Structure formats: C-alpha cells, structure tokens
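Take a look at the fold below. The paragraphs after it lead from the whole chain to its aromatic residues, then to a cavity and two further positions.

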Amino acid sequence: MLKKFSLLVPFASLSTAAGVIILLARWINGNLLLSSPSALISYGFMAGICYTLATAISFVILGSLLKKSDYTQNQHTQSFLLFTIQKKLSGINLKVIRFFYLLTGIELWLIQLISISVLSEIMLTIPVPITIFLFLVGMLLLDRMMSVKSILWLEILFIIALFSLLIFIPIYYFVQNGASTVYEGIRLYHPYLFYFKNSEILLFYVIIQLAVLGQVLFDKSTWYLIAFIKPKKVRRSLFSSGVILALLTLSFTAILMIALYSGSFGQFQILIFTFLYEVQPGFLTFAFLVIVLLAIVTTLLVDLRATKRFFVKKRPYYFYLIGLLILLFTFFLSIDLTILGVIYSFAFLHITMLPFMFILLFTNRHIHKHNWLVILFSIIIGIGVGLSFNALYGLAASFMISSIYQLMIQTETEDKNA
C-alpha cells in the first residue's frame with residue numbers, strides 16, 4: 001500500500017533557506033495561532049511560553065537525532081518515515097502503524113477546522129456549519145487544482161507575510177508605549193498569570209514537550225517536506241527552523257501580552273482579536289485574517305499531498321479523503337470541540353508512540369511482533385489514569401509504560417549486512 005516511486009519534482013532539492021520556509025509553513029498553523037492563548041490562560045505565563053517553544057525544541061532534537069548515512073541513502077525515494085515503516089514492520093505491526101499514520105491526519109484537520117469556526121464566529125457573519133462545508137469543498141478543489149510547486153510557492157508567500165506581521169507588531173508597539181506599561185497592566189488585570197508556584201507547570205511542560213516530540217517524529221507532512229531538501233541541508237534546515245520558530249512564537253506571545261494588558265476578556269480565543277480590534281484596528285485585522293487562512297490552507301494542502309503518497313492508486317485515496325471530510329463535518333455537527341481538547345486526546349497517541357518512533361527511526365533493533373499490543377495497552381492505561389485523575393497524569397503514565405515495555409521487548413539488533 002505504500003508507494004515506492006521518487007519524490008523528485010522540478011522544485012526538489014531545496015536549499016537550507018527554502019527548507020526552513022516549507023517546514024515553518026507546516027507547523028505555523030491554526031493550532032499555534034489560536035491554542036497558545038489557552039495554554040497561557042490555563043497554566044500561566046511561563047507555561048504558555050514553554051508550550052509555544054515545544055515544536056521549536058522538537059525540531060532541534062530531530063536534527064540531532066538524524067543519522068546522515070542512513071538518511072541520505074533513501075533521500076528522494078519517498079519520505080524517510082514511510083521507507084522505514086515499510087522496511088522494518090510487517091504483519092499486524094504494519095497494519096496498526098499505518099492506521100495510526102492516517103489517524104494523525106484527523107487531529108490536524110480538526111484543529112484547523114476549529115480555527116476556521118472561531119474565525120467564522122468572531123469575524124464573519126456566515127453560520128459555522130456553512131463555513132465548514134464551504135471550506136471543505138474548497139480544500140477538495142485546491143487539492144485537485146494546485147501542483148506541488150504552486151503549494152510550495154504559496155508557503156513562501158505565507159511565511160513572508162507572517163514574518164512581516166509578527167515581527168513588526170510587538171516591536172512597533174513596545175517602542176511606542178514601553179514594555180513596563182504592558183507588564184504593569186497584566187499585573188493589574190491578570191496577576192495570576194505570573195504565579196510561578198503552580199505545581200503542575202513543570203509537569204505540563206515536560207509532558208507537552210514529549211508529546212510534541214512524538215508528534216513531530218510521526219508527522220507525515222514533516223517527513224514529506226524533508227524529502228524535498230538537499231540531504232546535506234536537512235539537519236541545518238531543522239536547526240534553523242527551530243531557532244526561527246522559537247523567535248516567532250516569542251513574538252506572538254508578546255502580542256498576546258499586549259492584548260491581555262488592555263483589560264479583561266471573555267474567551268481565550270478572542271485574545272488576539274482584542275488586540276486587533278481595540279489596539280490596532282483596521283488593516284492589521286484584515287492582515288491577520290488572511291495570514292490565519294493561509295496558515296490553515298497550506299498546512300492542509302501539504303497533509304493531503306503527504307497522505308496521497310501513502311496510497312498506490314488514486315481511487316483509494318479519494319475514497320479516504322471523502323470519508324474523512326464526511327467524518328469531520330459530522331463531528332462539528334454533533335460534538336462541542338475545543339483545540340486543547342483535541343490536542344490532549346491525540347497527545348496520548350503521540351506520547352505513547354515516542355519511544356517506539358525513536359527505536360524505529362534511530363536504532364538498528366528488530367521490532368517485536370507484539371509491539372502494537374504494547375502501544376495499545378499504554379494508550380488504554382493512560383486514558384484510564386487520565387479519566388481517574390487528570391490528563392497530565394494519564395499522559396505521564398502512557399509514556400512511562402510505553403518506554404518500559406519498549407525497552408524490555410526490543411532486545412535484538414539487526415544485521416546491517418543482511
């Protein structure tokens with residue numbers, strides 16, 4: 001079911017700069033722009049910053065883990081993730097991991113559609129179900145019409161616009177009004193955000209970092225885009241992407257601080273719009289709307305192309321795509337979804353998969369035939385602990401159980417010359 005043909009296209013073999021752009025365009029999406037305020041409000045200022053930095057740190061870790069010899073050998077054949085899955089897994093292990101591979105796409109789509117619904121409620125007058133339906137139809141048309149090269153050019157346009165907005169706004173505002181004014185305003189209206197004795201802040205950061213690292217290692221879009229970068233430039237692109245993403249997320253946190261200092265708020269989703277409407281109305285409001293839409297569209301287009309590489313024929317892919325869109329639309333009509341709720345739900349899969357992905361991608365050990373059972377067992381136990389206590393303890397339990405059992409069953413080393 002996995003493809004074995006080349007990824008070479010006219011735009012392939014990208015340099016470091018272009019590689020950084022396409023990686024940033026994948027990970028700067030509705031999740032970052034609209035869920036960061038929720039983490040900040042729920043766990044405080046420092047936890048909010050740690051949450052926004054988790055992906056950046058994961059990029060740096062991935063760049064450090066990649067083995068150049070193993071990676072370059074398979075560059076431009078297909079994504080390194082798909083190549084390794086096909087090479088090392090078989091039987092029910094392969095079936096379960098392929099199922100999880102497709103399942104992660106649901107999380108990505110749900111988060112982007114929640115972002116669209118937030119924009120629809122706050123900035124547009126169209127009912128949310130109609131907005132979601134029109135957006136899904138539009139994504140189908142774009143997937144059919146746009147080539148890989150045009151998608152990559154769209155990502156370049158998006159990143160240029162994003163850099164211009166996120167870097168200009170805080171610098172302009174702090175120079176004009178001063179940083180101390182903003183700090184004192186937050187202390188006046190929201191002093192709890194600077195409370196550092198919350199015992200769950202450290203646990204929140206550690207768990208979120210592990211879950212995000214697992215997500216990055218198992219993200220089909222990331223590995224799909226990495227295959228377009230020159231082999232010798234991959235690790236440099238990942239390191240550079242991590243540094244730039246960290247700076248951009250800190251800039252976005254500064255914008256949230258400006259919104260918080262202006263007074264009270266009703267919902268965390270409207271924090272950024274509080275800034276746009278009350279502090280910098282007009283053009284910036286329109287610019288932010290365009291940038292969020294570009295972020296969502298480029299992220300989903302890349303996910304569609306990465307998913308398409310999974311299928312041998314086009315017909316099964318379009319059956320999967322239509323089924324996915326129907327499922328997503330049904331979710332929005334029947335379930336009250338939140339971005340953090342979706343993130344926490346899928347975090348059990350990501351954090352449980354992390355030890356397995358490390359062994360699969362970066363070691364020469366055999367994968368035990370019952371490995372799939374370990375993954376499912378760890379997820380179930382973690383969810384049980386999460387329902388009994390809280391989600392953070394459940395995620396910690398999933399990671400510890402998965403790590404222990406993965407180390408116990410992965411004992412044999414593959415023969416490189418076999």
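**From the whole chain to single residues**

Among contacts in the protein chain with a separation of 6 or more, 85% are between residues 24 or more positions apart. Contact means heavy atoms within 4.5 Å. This is a predicted model: local features need pLDDT of at least 70, side-chain atom pairs count only at pLDDT 80 or more, and totals for chains, interfaces and linings use all residues. Residues are numbered from 1 along each chain as its sequence is written, and side-chain values use heavy atoms, with hydrogens and water left out.

The protein chain has 18 helices and zero strands. Both are DSSP runs numbered from the N terminus: helices are H or I with at least four residues, strands E with at least two. The protein chain has 418 residues, and 58% of them count as buried. Buried means under 20% relative accessible area, exposed over 50%, and partly exposed in between, with a 1.4 Å probe and protein chains only. The accessible surface of the chain is about 18,100 Å², and carbon and sulfur atoms hold 68% of that. These areas come from the Shrake-Rupley method with a 1.4 Å probe; for residues, only the protein chains shown count as cover.

Now the aromatic rings. There are 13 aromatic pairs. Rings of Phe, Tyr and Trp (its six-membered ring) pair if their centres lie within 6.5 Å; planes under 30 degrees apart count as stacked, over 60 as edge-to-face and the rest as tilted. F311 and Y320 form a tilted pair, 5.7 Å centre to centre with 35° between the planes. Both F311 and Y320 are buried. Ring pairs also build a cluster from Y101, F218, F310, F311, Y317, Y318 and Y320.

Two cluster members sit in loops. F218 is in the loop between α10 (200-217) and α11. F218 counts as buried because its relative accessibility is 1%. Beyond its neighbours within four places in sequence, F218 is in contact with L81, I85, I97, F100, Y101, T104, M353 and M357. The C-alpha atoms of F218 and L354 are 8.2 Å apart, across 136 residues of chain. F310 lies in the loop between α14 and α15 (314-334). F310 also has 1% relative accessibility, so F310 counts as buried. Its C-alpha atom is 9.5 Å from that of K220, 90 residues away along the chain.

K220 leads on to helix α14, where D303 lies. D303 is in contact with K220, and also with G105, L108, W109 and S221, leaving aside neighbours within four places in sequence. D303 counts as buried because its relative accessibility is 2%.

Next, the empty space. On a 1 Å grid over the protein atoms alone, a cavity is a set of points where a 1.4 Å probe fits but cannot get out; lining residues have an atom within 4 Å of a point. There are three cavities of 30 Å³ or more. The second largest has a volume of about 50 Å³. Its lining consists of V148, I151, L152, Y224, L225, F228, L301, V302 and R305. The elements giving two or more residues to that lining are α8 (148-177), α11 (220-226) and α14 (283-308).

Last comes I379, in helix α17 (residues 371-388). I379 counts as buried because its relative accessibility is 13%. Leaving aside neighbours within four places in sequence, I379 is in contact with F100, F348, L349, T352 and S398. F100 is also a contact of F218.

Terms used
1 Å grid on protein atoms, 1.4 Å probe; cavity = no way out; pocket = protein on both sides within 12 Å on 5 of 7 lines; lining within 4 Å. Points joined across faces, edges and corners; volume = space filled by probe spheres on them.
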